[in-house]
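Here's a quick briefing to read alongside the model. Take a look at the sequence and the fold, then go through the notes by topic.

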Amino acid sequence: MKFNRRIEQLAWPAVQAAAALRGSTLVLPIGAVEQHGPHLPLGTDFLFAEAVVDQVLERLPTQLPVWRLPAQNYGFSPEHLDFPGTVSLPAEAMLTNLKAVAAMAAKAGFQRLVLFNGHGGQIGLLQVAAREIQQQNPHLAVLPWFLWSGPAGVLEVIAEPERSQGLHAARLETSLMLALYPELVGPIPAAEELPKPPGGLSLEGAVPTAWNTHWISNNGVVGNPCGANAAEGKVLLELLVQGWCELFQVLLQSNWPQIPE
Ligand SMILES: [Zn+2]
């Protein structure tokens with residue numbers, strides 16, 4: 001099947017022409033291969049990143065200069081390594097891979113590289129990668145974006161306390177998977193009690209801890225997937241796709257960021 005915006009389906013002269021357009025932008029979907037509880041597939045994070053990028057690219061006006069790279073499926077997931085199936089690349093390998101992709105983008109003449117990430121455990125690493133890549137390729141803008149932050153109103157679909165405590169394979173991800181690939185979802189497990197950090201400390205957020213999943217969960221879920229449903233997932237999907245569509249349009253119709261000559 002042919003997709004006009006997939007770089008791997010183009011021959012090099014077409015890539016050269018694409019890169020030469022004003023504001024030319026490449027999007028690299030990045031995920032992880034890691035346990036997502038007893039009910040969601042290992043590929044959850046890259047399946048989401050790819051699905052949202054593809055739907056966004058389908059909706060964007062065809063004249064906008066944006067193309068998709070093949071997804072990077074393996075990610076950085078050391079916190080999930082105690083569960084079978086999880087593959088975690090060393091942080092150094094992630095940086096090396098991303099720098100190789102960015103070197104191509106810069107050399108071909110692309111002006112922007114969006115790292116479109118579906119895995120919350122590698123946000124910090126991708127921010128590091130983006131800054132190093134930027135230093136090494138002074139005329140390439142790098143945007144380390146995270147699937148679940150950006151579009152307004154997405155997390156608000158989920159009620160508290162699950163909104164703040166549902167960190168992994170919980171209601172948010174289970175509902176979205178039910179909307180996208182219901183055939184990949186197994187029986188939804190009962191919630192496990194999360195340990196309460198003392199005082200103002202937290203797992204994620206303001207005063208975080210580098211947690212290991214098996215400290216806080218027996219089945220790999222962090223949060224409460226009960227009540228997840230496809231209708232809620234469809235609402236989430238539309239908010240994500242529409243929200244990212246708007247943000248991509250803002251980026252692609254602007255000259256942000258302005259890099260001095
Ligand atoms: Zn996930």
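Is Asp45 buried or exposed? Asp45 is buried, because its relative accessible area is 1%, under the 20% cut-off. Keep in mind that this is a predicted model. Asp45 is one of the protein donors of a zinc ion, so the metal site is a handy place to start, and the pockets, cores and backbone oddities follow.

**Zinc site**

- Three residues act as protein donors to the zinc ion: His36 through NE2, Asp45 through OD and Glu173 through OE.
- These donors lie 2.0 to 2.1 Å from the metal.
- Read along the chain, the donors follow the spacing H-x8-D-x127-E.
- His36 is tucked away too, as its relative accessible area is 1% and it counts as buried.
- Glu173 appears in the list of buried residues of α6.

**Helix α6**

- How many of the 10 residues of α6 are buried? Nine of them are, so the helix is largely enclosed by the rest of the structure.
- Besides Glu173, the buried set includes Leu172, Thr174, Ser175 and Leu176, and the run goes on through Met177, Leu178, Ala179 and Leu180.
- What do the buried residues of α6 pack against? Their partners are α2 and α8.

**Nonpolar cores**

- As a general rule, nonpolar side chains tend to be buried together in soluble globular proteins.
- The largest nonpolar core here has 42 residues, and the members that touch the most others are Leu60, Phe116, Trp148, Trp244 and Phe248.
- Elements that each supply at least two residues to this core are α2 (44-59), β3 (112-117), β4 (141-146), α6 and α8 (230-252).
- For a close-up, try Phe248: leaving aside neighbours within four places in sequence, Phe248 is in contact with Val27, Val56, Leu60, Val114, Phe116 and Trp145.
- There's also a second, separate core of 25 residues, with Leu69, Phe110, Leu113 and Leu140 among them.

**Pockets**

- The largest pocket holds about 670 Å³ of space.
- It is lined by 31 residues, and those closest to its centre are Gly120, Phe146, Gly166, Leu167 and Glu204.
- Two elements, α5 (162-165) and α6 (171-180), give two or more residues to that lining, and α5 gives the most, with three residues.
- Sorted by class, the lining of the largest pocket comes out as 13 nonpolar, 11 polar and seven charged residues.
- The second largest pocket has a volume of about 420 Å³.
- Its lining runs to 20 residues, and Pro161, Ser164, Gln165, Leu194 and Pro195 are the closest to its centre.
- By class, the lining of the second largest pocket splits into eight nonpolar, six polar and six charged residues.

**Backbone oddities**

- For background, most peptide bonds are trans, and most residues other than glycine have a negative phi.
- Which residues does the cis peptide bond with omega about 5° join? That bond links Glu160 and Pro161.
- Pro161 sits in the loop between β4 and α5, and Pro161 also turned up above among the residues closest to the centre of the second largest pocket.
- Another cis bond runs from Trp256 to Pro257, with omega near -15°, and Pro257 belongs to the segment after α8.
- Ala169 isn't a glycine, yet its phi is positive, near 55°.
- You'll find Ala169 in the loop between α5 and α6, where Ala169 counts as buried because its relative accessibility is 0%.

**Two partly exposed residues**

- Pro78 lies in the loop between β2 (66-68) and α3 (91-108), and its relative accessible area of 33% makes it partly exposed.
- Pro78 and Leu89 are 11 residues apart in sequence, and their C-alpha atoms are 8.3 Å apart in space.
- Gln127 belongs to helix α4 (residues 123-136), and at 41% relative accessibility Gln127 is partly exposed.
- From Gln127 to Ser88 the C-alpha to C-alpha distance is 18 Å, with their positions 39 residues apart in sequence numbering.

Definitions and conventions. Residues numbered from 1 in each chain as written. Predicted model: local features only at pLDDT ≥ 70, side-chain atom pairs only at ≥ 80, totals over all residues. Heavy atoms only, no water. 1 Å grid on protein atoms, 1.4 Å probe; cavity = no way out; pocket = protein on both sides within 12 Å on 5 of 7 lines; lining within 4 Å. Points joined across faces, edges and corners; volume = space filled by probe spheres on them. Helix = DSSP H or I, 4+ residues; strand = E, 2+ residues; numbered from the N terminus. Nonpolar A, V, L, I, M, F, W, Y, C, P; charged D, E, K, R; others polar. Donors = N, O, S within 2.8 Å, 3.2 Å for Na, K, Ca; no water. Buried < 20%, exposed > 50% of the residue type's maximum accessible area, 1.4 Å probe, protein only. Core = buried A, V, L, I, M, F, W, Y, C linked by side-chain atoms within 4.5 Å. Contact = heavy atoms within 4.5 Å.
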